[in-house]
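Work through the exercises below with the model open. Try each task before reading its solution.

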Amino acid sequence: MATLTKNDIKVTRTKNSKLSSIDFNNLAFGQVFSDHMLVCDYKDGKWQIPEIIPYSPITLDPSAKIFHYGQSIFEGMKAYKDTKEDVFMFRPMENVKRLNVSAKRLAIPEVPEDYFFEGLKALLEVEKDWIPTNEGSSLYIRPFIFASGKGFHASPADEYKFIICTAPSGAYFSGKVKVLIEEQYSRSANGGVGFAKAGGNYAGQFYPTQLAKAKGYQQVIWTDDTTHEFIEEAGAMNVFIRINDTLLTSPVSDRILDGITRKSILQLAEAEGIKTDVRKVKVSELVEASRNGSLKEMFGAGTAAVISPISGFGFRGEDFDIPELENTFASQLKNRIINIQTNKTEDPFGWRVKL
Ligand SMILES: *Cc1c(COP(=O)(O)O)cnc(C)c1O
């Protein structure tokens, strides 16, 4: 099969652009959406040629399987514009590949890589003016697939929709977060779908996170579902722990999402001469390190915030504060990664992809 190119993608432009009504200096995260979206349907046993159409609501049959059996997966990525108005993506093929890893696990037909990548590039060409240039801002990109096929029979759907929407977003600053180490609820289990970016993984986290919020924490740190002894991840972010001068993070598994920010940080840290250790970390080790002063930093890593520093954690009714450091690995690595993403520095890793 010949590969799809940008020119194969039909573009229907909106007659009512919202662009002039957007205040690019006051952008929240993922609240306003650009004028167009890429839509690609799976029917008759194959993915149809994607199209770009005006951003609009979609109509679904009440029996569409997404509503009943939850076949839904997504990705999160960003596009950046430099001072010369050149547009860049960050390791986009990692997202293309991961979407299909998720698709396979949820019995969703895999999308041809060129449909995703050429479709994304065509969409970014159309939405170029929507990519913010203010410091720290970017165009957040949300590719997703869900079961649109009909029927109450509990089986994979015969029709799906793959859509890419974009949202201009300001610098994501949540402040430092206080986290609760969770021992009762689990986000994922061995053999489950924790490694997939499946919508249902989020639905299952909301209730325990609400309980943690009511106790004064902003996020939950999940532990392994069998023993609850080991630190896993933060639900939308992978977790890093600095003990003395070593940066630790859990290996990925069935239960932990293989974050692109996580693996970029590991590579960057090595290049910066920071010692890293990918191994399981016990909650008891974290508590001990906090008590003896060797716990220097903790942070979450994910596309939206890049790095979110953690100010402390709660465990079994006790709060452990992490003291403020002057020069943190978190800020050093965050700057390095953002400078690469926004074309402010060399990219020795070949991560940046120009549109
Ligand atoms: C998306 C996500 C992450 C972060 O992945 P990135 O590729 O770095 O954005 C981490 N954990 C979970 C559960 C996620 O869904």
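**Exercise 1. List the contacts of isoleucine 145, then place this residue in a core.**

Step 1. Set aside neighbours within four places in sequence; isoleucine 145 then contacts Trp47, Gln71, Ser72, Ile73, Leu99, Ile108, Val111, Tyr160, Lys161 and Phe162. Contact means heavy atoms within 4.5 Å.

Step 2. The model is predicted: local features need pLDDT of at least 70, side-chain atom pairs count only at pLDDT 80 or more, and totals for chains, interfaces and linings use all residues. Residues are numbered from 1 along each chain as its sequence is written, and side-chain values use heavy atoms, with hydrogens and water left out.

Step 3. Ile145 is one of the residues with the most contacts inside the largest nonpolar core, together with Trp47 and Phe162. That core has 40 residues. A nonpolar core is a set of buried Ala, Val, Leu, Ile, Met, Phe, Trp, Tyr and Cys residues joined through side-chain atoms within 4.5 Å. Buried means under 20% relative accessible area, exposed over 50%, and partly exposed in between (1.4 Å probe, protein chains only).

Step 4. Now the elements. At least two residues of this core come from each of E2 (36-43), E6 (77-81), E7 (87-90), H2 (92-105), H3 (113-126), E8 (138-147) and E9 (160-169). Helix H3 gives the most, with eight residues. Helices (H or I, at least four residues) and strands (E, at least two) are DSSP runs, numbered from the N terminus.

Step 5. Another core lies apart from this one. It has 23 residues, among them Ile221, Ile241, Leu248 and Val287.

**Exercise 2. Describe the setting of glycine 300. Is glycine 300 buried or exposed?**

Step 1. Glycine 300 sits in strand E15, residues 295-302.

Step 2. Its relative accessible area is 1%, so glycine 300 is buried.

Step 3. Leave out residues up to four places away in sequence. Glycine 300 then touches Met237, Asn238, Val306, Ile307, Ser308 and Ile310.

Step 4. Take asparagine 238 from that list. Asparagine 238 and glycine 300 are 62 residues apart along the chain, yet their C-alpha atoms are separated by 5.5 Å.

**Exercise 3. Summarise the whole chain.**

Step 1. Count the secondary structure: seven helices and 18 strands.

Step 2. The radius of gyration is 21 Å, close to the 20 Å of the globule rule for 355 residues, so the chain is as compact as a globular protein of that length. The radius is taken over C-alpha atoms; the rule is 2.2 Å times the number of residues to the power 0.38.

Step 3. Of the 355 residues, 51% count as buried.
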